[in-house]
Amino acid sequence: MIPGVDGFMYPNEVELQWSVLIVLYPYITGLVAGAFILASLERVFKVEAVRPTYRLALLTALAFLLVAPLPLQLHLGHPERSFEMYLTPHTSSAMAMFGFVYLWYLTVVLLLEIWLEYRAEIVQLAQSSRGPKRWIYRALTLGSYNISPEALRVDDKVGYAVTVIGIPSAFLLHGYVGFIFGSVKANPWWSTPLMPIVFLFSAMVSGIAAVMVLYTVSSKLRRTPIDMRCLDTIARYLFYTFVIDFTLEMLDLIHRTYESDESFRSLDFMVHTRLWGSQVILQIVLGTLVPLVLLAANQLFRIPEGRRKAMYMTAGGLILVGIFAMRWNVVIGGQLFSKSFLGYTTYKMELVTREGLLPAILLLLLPFAIFLVLVKLLPPWREGKAHEA
Amino acid sequence: MDITRRDMFQIGGKLLVLASVGATLEQITGAAPPSEAYRMADHWWGMIIDIDKCIGCGNCVRACSKENNVPEGYFRTWVERYEIEAEDQQPHVESPGGAIDGFPPSTHTKLKSFYVPKLCNHCADSPCVQVCPVGATFVSPDGVVLVDQTYCLGCRYCVQACPYGCRYLHPETNTVDKCTLCYHRITQGLTTACCENCPTGARQLVDFKNPKDPVHEILRTHKVEVLKPYMATRAKVYYENLDGAVR
């Protein structure tokens, strides 16, 4: 008997090839896509109520996007060769496009939109700051100091166009990540055309929840009042998106159960044993049903402000854990059963190795550190300016 | 198994990529250059395995391991023992250490039992080749799925995409490794290490482009099957007397 193995695994399957780092990859890109979609609500769909979170959402997206390729780099057997994906991409590979999708999203969408949004302030800060800060802001102006009303009007127009392009790009970014898994026909746990769309909606849910939590926490830390109209609106959109996401996931589940193809017995057993804690308890009950009830209650009843905030925060926190569990169940769950459908293996997470728990925790904390630097450099707070536009 | 013009363009493109990174076939396969008489375009390699002839001795696994310096705990080929106790039950399958030391006596009171040697199926429509983000894994013009060790990123997408569990990450090179069909031997006019050491002739290297190869007679007169035919990979490892329970 091989330790950790029940039944029969093909001999090369015993060891998992995609570790917790690959769990982080869809989780982080999902947060990026979701945060950006929330930002676009204000910019393109004119949902004025969420304006206080517009810049926060953009900076959140950037902080996470900058970290997104790092778990992949750490995971590669030869990270020094990763650049080959740009030089000689294999066009039939779903994975080969990641570098291009990533670069497109980072440079054409996010950096450009943030730069246009902040340009006037960057120019002012380049002129008013002293010391090294002055040089940083001067560099950030990219040599463009024209902040005449006419120039700012052009900025706004271009920024709008970039956001319009950004929405399908955000969909592409995360739908594409779903496709990387959904197109693996050898793995019935992954192989479903629903995967990209499930990934997309769960991304939106996690990103919106992340910005909602960040907005609440940062307002508390800065001792500024929370705009309840904004928070209520975010929670409402979060609820709608989550209902769609949950429906899609349940559709997938019902479809698999009803079809009961040759993989069903094996997968069903896995969900009832090895994935029971992370899938049923963490993802479905705590990460989905509880937050859905909390969010739904606020749509149905008038709840006092203090309790409402607590409910939103609880829902947001649980959603972030639940979506992480969902990524875990997809990535790790998809490798726990044998492709012979005759056995199961165990994921033995290491601690301080290259693909262990410690680097994973550090990679998950890194976006917050980047976020703090970004917030210092490009303050997203708009008190006093909130309604100038 | 003719190579179409489209195939030739694809193969040519891949070779161009390999040439552009300065890799030679010797570097990729770790083999001596093919003999001068060897022309890739004249061959299309595969294997035929007769389940009824396999005795589960593990000679093939040992030979492969030795010939190719396969790291301990990983397998380019292995043998599974199927034991089916009743028609409506899951088969009992095992492959202790890939059967490198054969099998212990069975403890099951079984209805039927048989051995299934496994290896890379060298699929013509290979999912591993399809998903490799840099084209480091490819089908050679003579039909062997190979990995360019000088180019592989070690992302292991191909390991996930292989329906048969034939790939692993080599712990020393940190690149993906798998059966090469003993490319260094077959291009010298030899057979694979596993076939050469099979005492019952259960495994036979076949060349679909050689009109004199017995494979043509076997395919015409025997009932053969590939593993997981619904995967539509155009696997080139054929099995005679394969039971429906085998996955």
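**Exercise 1. Find where pLDDT stays under 50 in chain A, and judge the confidence of the model.**

Step 1. Residues 384-389 of chain A keep a pLDDT under 50, and the model has two contacts for them beyond four places in sequence. Here pLDDT is the predictor's confidence in each residue, from 0 to 100, and two residues are in contact if their C-beta atoms, placed from the backbone, lie within 7 Å.

Step 2. Where pLDDT is low, the predicted coordinates should not be read in detail.

Step 3. This is a predicted model, in which local features need pLDDT of at least 70, side-chain atom pairs count only at pLDDT 80 or more, and totals for chains, interfaces and linings use all residues. Residues are numbered from 1 along each chain as its sequence is written, while chains are lettered from A and ligands numbered from 1 in the order in which they are written.

Step 4. The average pLDDT is 94 for chain A, with 98% of the residues scoring at least 70. For chain B the average is 90, and 86% of the residues score at least 70. The complex receives an ipTM of 0.93 and a pTM of 0.91 from the predictor.

**Exercise 2. Describe the overall form of chain A.**

Step 1. Chain A contains 14 helices and two strands. Helices (H or I, at least four residues) and strands (E, at least two) are DSSP runs, numbered from the N terminus.

Step 2. The radius of gyration of chain A is 22 Å, which agrees with the value near 21 Å for a compact globule of 389 residues. The radius is taken over C-alpha atoms, and the globule rule is 2.2 Å times the number of residues to the power 0.38. Along the principal axes, the C-alpha atoms of chain A fill a box of roughly 70 × 55 × 35 Å.

Step 3. Of the 389 residues, 44% count as buried. A residue is buried if 20 or more other C-beta atoms lie within 10 Å of its own, exposed if 12 or fewer, and partly exposed in between, with C-beta atoms placed from the backbone.

**Exercise 3. Which residues of helix 10 of chain A are buried, and what covers them?**

Step 1. In helix 10 (residues 264-272), the buried residues are A:Ser266, A:Leu267 and A:Met270.

Step 2. Seen down the helix axis, these residues fall within an arc of 95°, so they line one face. The arc is that of the directions from the helix axis to the C-beta atoms.

Step 3. The face turned away from the buried side carries the exposed residues A:Arg265 and A:His272.

Step 4. The cover over the buried residues includes helix 13 (333-336) and strand 2 (343-344) of chain A.

**Exercise 4. Trace the sheet 9-1-11-10 of chain B and the residues around strand 11.**

Step 1. Four strands form this open sheet, with mixed pairing. Two strands pair if DSSP finds at least two bridges between them.

Step 2. Strand 9 (203-207) and strand 10 (224-225) stand at the edges, each with a single partner strand, so one side of each lacks a neighbour in the sheet.

Step 3. Strand 1 (residues 45-50) and strand 11 (residues 237-240) pair in the parallel sense over four bridges. B:Asp50 has B:Glu240 of strand 11 as its bridge partner.

Step 4. B:Arg234 lies in the loop between strand 10 and strand 11. Its phi is positive, about 55°, although B:Arg234 is not a glycine. B:Asn241, in the segment after strand 11, has a positive phi of about 60° and is not a glycine either.
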